[in-house]
Amino acid sequence: MKFDVTDVIERYPGVHIGVLTALGIDNRAAVDGLKTLQGDAIQEAERQIGELPPTKHPHIASWREMYRSFGTKPGDYRPSAEALIRRAIKTGKLPRINAAVDIYNLVSVRHIIPMGGFDTNQVQGTIQLRLSKGNEAFTPLGASKLEETYHGEMVY
């Protein structure tokens, strides 16, 4: 499996993207102390954000600026880290999905950075983070109907 971020690096040379591969993990196992770790992550995000709105935190502000640069209204389509942090601070908890997602969600909240994951056993070909050519059909997570991307939108 390959991960290609060429489009992003060319358009945003200052962006930092990391890739981590975990092999041989049991994604069905419970994470010891998960609720405590999640609570600690939420408290750390609250400490970093302080009294200002989350949009003023430098990590979130930079992602919002990137969204604006390719024509997205960040208030309509929030960066993933911002949406997760807002929800976590409001509810005081993070969703429980599976071990891998639970861990990267708490890291995302604790450090106020966007993260994502893929089951590499289910991926065929190269994963690309790129700019859409427009009108590419996809089904958003949790949705039942197709939507289309717009030209210049950042997509996987």
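F3, F118 and Y156 come together as one aromatic cluster. The model you are looking at is predicted, and a search through the whole of it turns up two aromatic pairs. After meeting these rings, we will visit the nonpolar cores, two helices and a buried histidine.

**The aromatic cluster**

- Let's start with the pair of F3 and Y156: their ring centres are 6.4 Å apart and their planes stand at 55 degrees, so this pair is tilted.
- F3 belongs to strand 1 (residues 2–4), while Y156 sits in the segment after strand 6 (154–155), so the pair ties together parts that are 153 residues apart in sequence.
- How exposed are the two partners? F3 is partly exposed, at 26% relative accessible area, whereas Y156 is exposed, at 57%.
- Y156 has a second partner in F118: here the ring centres are 5.1 Å apart and the planes meet at 70 degrees; an angle over 60 degrees counts as edge-to-face, so that is the name for this pair.
- This pair also links distant parts of the chain, with F118 in the loop between helix 5 and strand 2 (126–128) and Y156 in the segment after strand 6, 38 residues apart.
- F118 itself is partly exposed, with a relative accessible area of 38%.
- A handy idea for reading such pairs is that two aromatic rings are described by the distance of the centres and the angle of the planes.

**The nonpolar cores**

- Which residues touch the most other members of the largest nonpolar core? Of its 16 residues, they are I42, A45, I85, L94, L106, V109 and I112.
- Helix 2, helix 4 and helix 5 each supply at least two residues of this core, and helix 2 gives the most, with five residues.
- To see one of these residues in its surroundings, look at L106: setting aside neighbours within four places in sequence, L106 is in contact with L34, L37, Q38, A41 and L94.
- Another core lies apart from the largest one; it has ten residues, among them V8, V15, Y67 and M154.

**Helix 4**

- Does the length of helix 4 match what is expected or differ from it? At 1.5 Å a residue, its twelve residues (80–91) should span 16 Å, and the end C-alpha atoms are indeed 16 Å apart, which agrees.
- The buried residues of helix 4 are found at A81, E82, L84, I85 and A88.
- These residues cover an arc of only 165 degrees around the axis, which puts them on the same side of helix 4.
- It helps to recall that an α-helix has 3.6 residues a turn, so residues three or four places apart point the same way.
- The partners of this buried side are helix 2 (34–49), helix 3 (58–69) and helix 5 (99–111), against which the buried residues of helix 4 pack.
- Right after helix 4 comes G92, with a positive phi near 75 degrees.

**Helix 3**

- Helix 3 passes the same check: twelve residues at 1.5 Å each should span 16 Å, and its end C-alpha atoms are 16 Å apart, which agrees.
- Which residues of helix 3 are buried? They are I60, R64, M66 and Y67.
- Viewed down the axis of helix 3, these buried residues fall within an arc of 155 degrees, so they line one face of the helix.
- The cover over the buried residues of helix 3 includes helix 4 and strand 6.
- Just after helix 3, G71 has a positive phi of about 90 degrees.

**H57 and I112**

- You can find H57 in the loop between helix 2 and helix 3.
- Is H57 buried or exposed? Residues under 20% relative accessible area count as buried, so H57, at 9%, is buried.
- The H57 side chain reaches the backbone nitrogen of H59 at 3.0 Å.
- Beyond its neighbours within four places in sequence, H57 is in contact with Q48, I49 and I112.
- I112 lies in the loop between helix 5 and strand 2 and is buried, with a relative accessible area of 1%.
- Not counting residues up to four places away in sequence, I112 touches A45, Q48, I49, H57, H59, I60, I85 and V107.
- I112 and E65 are 47 residues apart along the chain, and their C-alpha atoms are separated by 15 Å.

How values were computed:
Residues numbered from 1 in each chain as written. Predicted model: local features only at pLDDT ≥ 70, side-chain atom pairs only at ≥ 80, totals over all residues. Heavy atoms only, no water. Helix = DSSP H or I, 4+ residues; strand = E, 2+ residues; numbered from the N terminus. Expected span 1.5 Å × (residues − 1). Buried < 20%, exposed > 50% of the residue type's maximum accessible area, 1.4 Å probe, protein only. Arc of directions from axis to C-beta. Contact = heavy atoms within 4.5 Å. Polar contact = N/O pair within 3.5 Å; in protein donor to acceptor, adjacent residues only side chain to side chain. Phe/Tyr/Trp six-rings, centres within 6.5 Å; stacked < 30°, edge-to-face > 60°. Core = buried A, V, L, I, M, F, W, Y, C linked by side-chain atoms within 4.5 Å.
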